[in-house]
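Here's a walk through the empty spaces inside one protein model, plus a look at what surrounds them. Keep the 3D view open as you read.

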Amino acid sequence: MPNPLLDFSGLPRFAEIKNEHITPALEVLLAENREVIERARTDGGVPTWQTFVQPVVNANERLSRAWGQVSHLNAVMNSPQLREVYNANLPAITQFYAELSQDLLLFEKYKKLRASQEFEQLPPAQKKIIDNELRDFRLGGAELPVEKKQRFLQIQEELSKLSSEFSDNLLDATNAYSLIIEDEESVAGIPADVLEAAQQLAVSDAKQGWKFTLHMPSYLPVMQYADNRTLREQMYRAYATRASEFDHQAGSGKDNMPLINRILELRQEAAHLLGYESYAEVSLATKMAASPQQVLEFLRKLADKAKPHAMRDLQALREFAAERLNLTTLEAWDLAYVSEKLREERYAFSDQEVKQYFPEASVLAGMFSVVEKLYGIRITQADSSRNIQCWHPDVKFFDIHDADDQLIGQFYLDLYARPNKRGGAWMDDAITRRRIDGQEAGQQTIQIPVAYLTCNFSAPVAINGQLRPALFTHAEVIVLFHEFGHGLHHLLTRVEDLGVSGINGVEWDAVELPSQFMENFCWEWDVLAGMTQHIETSETLPRMLFDKMLKAKNFQSGLQMLRQIEFALFDMHAHFDYEPHGDKTVLQMLDDIRSEVAVVIPPSFNRFPNSFAHIFAGGYAAGYYSYKWAEVLSADAYSMFEETAADGVVNASTGSHFLEEILAVGGSRSALESFVAFRGREPELDALLRHNGMEVS
């Protein structure tokens, strides 16, 4: 049988991919790419888009798609065997891209193309790609002398290995911990569906009682509802010390702190080689923000706005805990529990009550209805007759058609948590929209974009022998809308050049705009009324309950905002003015930040950095501030829907405008240009503060 990783004629053939396919496929693709690049770099002709850029793009896309499938499987179907093959091939992939970004001959050819007459005739998207390439060659070390190039390459290889190891350690630590509780009194307060799932986990291990894990569908309800304070403390300690020196569950050698120190050291060294003072400056070279100082000023301005609200939030929790729950001290493992009790008393509803109205099928239908009305599209699930190959039986596959019934996008949806699946929620690209030249002169086709949408929600659970559909909390519904917003950014692009199609080429601190924008619809009555159905009565969400939810929307928003600002400040300082070999440790630096902006100080054993995969194993290094930066953009963009909401915020006219100026253009122009084209002005902070229940001044 031919290697499925070398088949680019359609969708990935996940059911056929075996571990033994990976190395041979990558060896073939790397060899092919090097041949193409060698021809491109040694061709004596004048570099043009068609003869120089396009062949390299074509070759790199094949490698990217194959490696993307391997990386995706490593994240969602991790196994010791797959991990071994993935990590064995990671250095070769890293080396190839690092060498490519350092190739001085290619760099010179791009500069010649940029200075040529042809450049002036190219479409804006292709001009943007060329400018981006020139920038990325400089950031990749193309202008470095030979000896520094070699060191830069070594750094990139080691960093990729360390990031993979960080992620593996975190997954192993999360999977390794479990707690069996046999006493029924000890699980009092935990919702019935969570206990049912915990009981089934125990049975699968041939144990009595209930098995709890550090995966979110198990961990979070314990912290939120368990009356047993000792149980909450046990779970919190295990979660807060994952992949640290205190984590004895995952075995020796799983402490991520040495990796963090080495990652920060190497990133700083790489920045210095490129002539930058800090890695933060390197990171911001591809973002909207102009400097680390601007980011820090932005975050501290937000912190000043949020801190008074956070202090009031915390005081309310302390008073309620002492007066109503007999908790004279409020510990870290009490916060979620006390918060839920206070919300129930203050607003007369619980998350668990709301959850009964959000079965999976109703949520998906309602979410699809919103975007269908906004953007004039149609979303349908693929039936079994099409034999779409997925990596797990729970994965679903969907098609998107436009108003003319043309297929414009497709996506996989993997909703449920599994032991061999990386935590969190994310969107990734499987295939990107682009124009493909045919064999005959003038013949062209458009490649349909495909996305992966991945979450970690509770799966359907059998109750009394009957399988009950998955139920989502309102917070999980918001997460789903968020990731779908990323997906739409990738899938609804109309750009036909790969480098700036979909989310490609979009500044990282603007890439969260479409995702956070989508979250707003989860607070609209017209939307929720059409996407809720009580699991037992089939009734839609009562208006009275929705009004309570709306009143509680900004419950503890000050604490929540400060927490995100704390993470963003830690990230920026770690990559800007922290000295890896200085007098302070990473934890001491974090303590300084907390003393400045936080009102809740975690216990000394908390090892948050050891699980901060966004910046140590993801793409958010010196970029975590992007969530707040883009939230300014998204809140301000959504305010236009509010201003034009005579017939409701799900407004096709404004939606079409958002599609045309934000989603469709991808990275073909700067994010600020796209925002101004949509909003008619530059972004303002007021909408974000208003949406969070904070005064505008």
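Let's start inside. The second largest cavity is lined by Asp 7, Phe 8, Gly 10, Leu 11, Pro 12, Arg 65, Gln 69, Ala 430 and Ile 431. This is a predicted model, where local features need pLDDT of at least 70 and side-chain atom pairs count only at pLDDT 80 or more, while totals for chains, interfaces and linings use all residues. Residues are numbered from 1 along each chain as its sequence is written, and side-chain values use heavy atoms, with hydrogens and water left out.

A word on terms. On a 1 Å grid over the protein atoms alone, a cavity is a set of points where a 1.4 Å probe fits but cannot get out; a pocket is an open set with protein on both sides within 12 Å along at least five of seven lines; and lining residues have an atom within 4 Å of a point. Volumes are the space filled by probe spheres set on the points, with grid points joined across faces, edges and corners.

**The cavities**

The second largest cavity holds about 30 Å³ of space. Helix H2 (49-76) and strand E6 (426-431) each give at least two residues to its lining. (Helices are DSSP runs of H or I with at least four residues, strands are E runs of at least two, and both are numbered from the N terminus.)

How many cavities of 30 Å³ or more does the structure hold? The count is two. The largest cavity has a volume of about 100 Å³, and its lining is made up of His 489, Val 506, Glu 507, Ala 510, Leu 513, Pro 514, Ile 662, Gly 666, Arg 669, Ser 670, Ala 671 and Ser 674. Helix H18 (513-519) and helix H26 (671-679) are the elements that give two or more residues to the lining of the largest cavity.

**The second largest pocket**

Now for an open space: the second largest pocket has about 640 Å³. Of the 29 residues that line this pocket, the closest to its centre are Ala 197, Leu 201, Pro 217, Ala 417 and Ala 459. Helix H8 (192-204), strand E2 (210-213) and helix H9 (216-225) each put at least two residues into the lining, and H8 has the largest share, with seven.

Here's how the three linings split by residue type. Ala, Val, Leu, Ile, Met, Phe, Trp, Tyr, Cys and Pro count as nonpolar, Asp, Glu, Lys and Arg as charged, and the others, Gly among them, as polar.

| Space | Nonpolar | Polar | Charged |
|---|---|---|---|
| Second largest pocket | 16 residues | eight residues | five residues |
| Largest cavity | six residues | four residues | two residues |
| Second largest cavity | five residues | two residues | two residues |

**Helix H9 and its surroundings**

H9 helps line that pocket, but what about the rest of this helix? Eight of the 10 residues of H9 are buried, so the helix is largely enclosed by the rest of the structure. Buried means under 20% relative accessible area, exposed means over 50%, and partly exposed is in between (1.4 Å probe, protein chains only). The buried ones are Pro 217, Ser 218, Tyr 219, Pro 221, Val 222, Met 223, Gln 224 and Tyr 225. Their cover includes H8, E2, helix H10 (229-240), helix H14 (335-347), helix H15 (351-355) and strand E9 (450-457).

**Cysteines**

Cys 455 counts as buried, at 0% relative accessibility. Why does the sulfur of Cys 455 make no bond with the closest cysteine sulfur? That sulfur, in Cys 522, is 12 Å away, too far for a bond. Cys 390 has its closest cysteine sulfur in Cys 455, at 15 Å, also too far. With a disulfide taken as a pair of cysteine sulfur atoms within 2.5 Å, the count is zero.

**Two more residues to find**

Lys 628 sits in helix H24 (residues 626-643). Is this lysine buried or exposed? Lys 628 counts as buried, at 9% relative accessibility. Leaving out residues up to four places away in sequence, Lys 628 touches Phe 298, Leu 302, Met 561, Gln 564 and Leu 688 (contact means heavy atoms within 4.5 Å).

Pro 80 lies in helix H3 (residues 80-101) and counts as exposed, at 63% relative accessibility. Pro 80 and Asn 420 are 340 residues apart in sequence, with 9.9 Å between their C-alpha atoms.

**Zooming out**

The chain has 27 helices and 11 strands, and buried residues make up 56% of its 697 residues. Its C-alpha trace spans about 80 × 60 × 60 Å along the principal axes.
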